[in-house]
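Q: Please take a close look at one part of this model, the surroundings of the ligand. Then go on from there to the domains and the helices.

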Amino acid sequence: MPTDPVAVYVHIPFCPSKCGYCDFNSYAMEGDVIDRTVRAIVTEIRRSRQKGRPAKTVFFGGGTPTFISEPQILSILEAVFETHPPIEGAEITSEANPGTADITKFVAMRRGGFNRMSLGAQSFSNSDLLTLGRVHRSDEIGRAFSVAREAGFDNLNLDLMFGLPGQDGTGWHRNLDTALALAPEHLSLYCLTIEPNTAFYRLQLKGQLDLPDDDVQVAMYEDSVARAAAGGLEQYEISNFSKPGFECRHNLCYWDAEEYMGYGPGAVGSTETEFGRIRYTNLKHPDGYCKAIELNLPLSCDSEILTDEMRRTERIMLGLRLNRGLPIGEVLLKHQAIDKVVAKGWAEIDGETMRLTPQGRHFCSEVALELI
Ligand code: SF4
């Protein structure tokens, strides 16, 4: 077993309700099932074959991690720390829904070891939030932000989405400016995508989803990059911006195709084993996941050994998203393809590195397909 530090992800699959656009592994459940799942997650972590391997980052995502109680959150974090002792300065993040902010919980989480919080704001417009099916309202975002600061979090992210039904450029400016006025260390800005098996997908099929057209979405994205930069947040990935030194180190592990442990229902991990790099996905539904843990049955619903070619493909698809680019020769091998995307103005060469141009960021998948 490798002994070097690894990224650790924990999936908490519960939410107060299901948002209309959500295709994450999340369930609007409450009561005993939460206690049972928390116990199962703790057991899974304690049984890890990679026990003893230090954590360089820990990320609690979901779902809504802050929907569960602070003793439940902290019991899982304690199991993580016992199994993967954090290295000095490890980044320990939890996602949080602004509607679930509570000073007692946030203080307990900060004292328990979390040092970064990511607030799922999505929009500062109540009408957007209602459309999206979010449980929080606009004024709760600023309140959650202040509560997090008061609790001692000096590394805060806000998630916002653009391209929402009925949203125009002015509405998006207002959202961005309100977010920037809070002075977060990090912003994640994603365009809404309509995924199959969501309420939004069904509305779209019926022609009942009034989405901004592609040109408006492109303008919203360009505007985000310019406004974030003017607000002191540097773009380091297609959708992510931070103050210098506050890039999300956990997500950088994904984009750099490094190893990561995944615990909890539906969590995905990618780790080195005696057979090579294996990517696995845990059983998704909390009931099936808990049964597997309780009966000591296999926990993965999917696993595969990644060949060298699959790993290089993954490295290109993920690494291209980063502003720092990818090394030529080591990862990018097809020189004709590199020349082609450079000639199109989608990429530029800097010494031994190739990176997307601002124009190329709109064609990341096309560039990746050329290079693979
Ligand atoms: S809060 Fe997030 S995970 Fe939960 S339902 Fe909404 S989008 Fe999905």
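**Around the ligand**

A: In this predicted model, the residues surrounding the ligand are C15, K18, C19, C22, F24, S26, G62, G63, T64, N97 and G120. Sorted by class, this shell holds six polar residues, four nonpolar ones and one charged one. K18 is the charged residue of the shell, and the nonpolar ones are C15, C19, C22 and F24.

The numbers of these shell residues fall in the range of domain 1. The protein is divided into this domain, residues 6-254, and domain 2, residues 310-371. Taken over C-alpha atoms, the centres of domain 1 and domain 2 are 28 Å apart. Where the two domains meet, domain 1 supplies six residues and domain 2 supplies seven. On the domain 1 side, strand β7 (residues 234-237) gives the largest share, three residues. That side is made up of four nonpolar residues, one polar and one charged.

Two helices lie in the residue range of domain 2: helix α12 (residues 335-343) and helix α13 (residues 364-371). Their axes come within 8 Å and cross at roughly 155°. An angle over 145 degrees counts as roughly antiparallel, and α12 and α13 are therefore roughly antiparallel to each other. The contact brings A337, K340 and V341 of α12 together with V367, E370 and L371 of α13. Four residues of this contact are nonpolar and two are charged, with no polar ones. The charged two are K340 in α12 and E370 in α13.

Definitions and conventions. Residues are numbered from 1 along each chain as its sequence is written. This is a predicted model: local features need pLDDT of at least 70, side-chain atom pairs count only at pLDDT 80 or more; totals for chains, interfaces and linings use all residues. Domain bounds come from an automatic or database domain assignment. Helices (H or I, at least four residues) and strands (E, at least two) are DSSP runs, numbered from the N terminus. A residue is near a molecule or strand if its C-beta atom, placed from the backbone, lies within 6 Å of it. Axes are lines fitted to C-alpha atoms, for helices over the stretch in contact, and angles run from 0 to 180 degrees between N-to-C directions. Angles under 35 degrees count as roughly parallel, over 145 as roughly antiparallel, 65 to 115 as roughly perpendicular and the rest as oblique.
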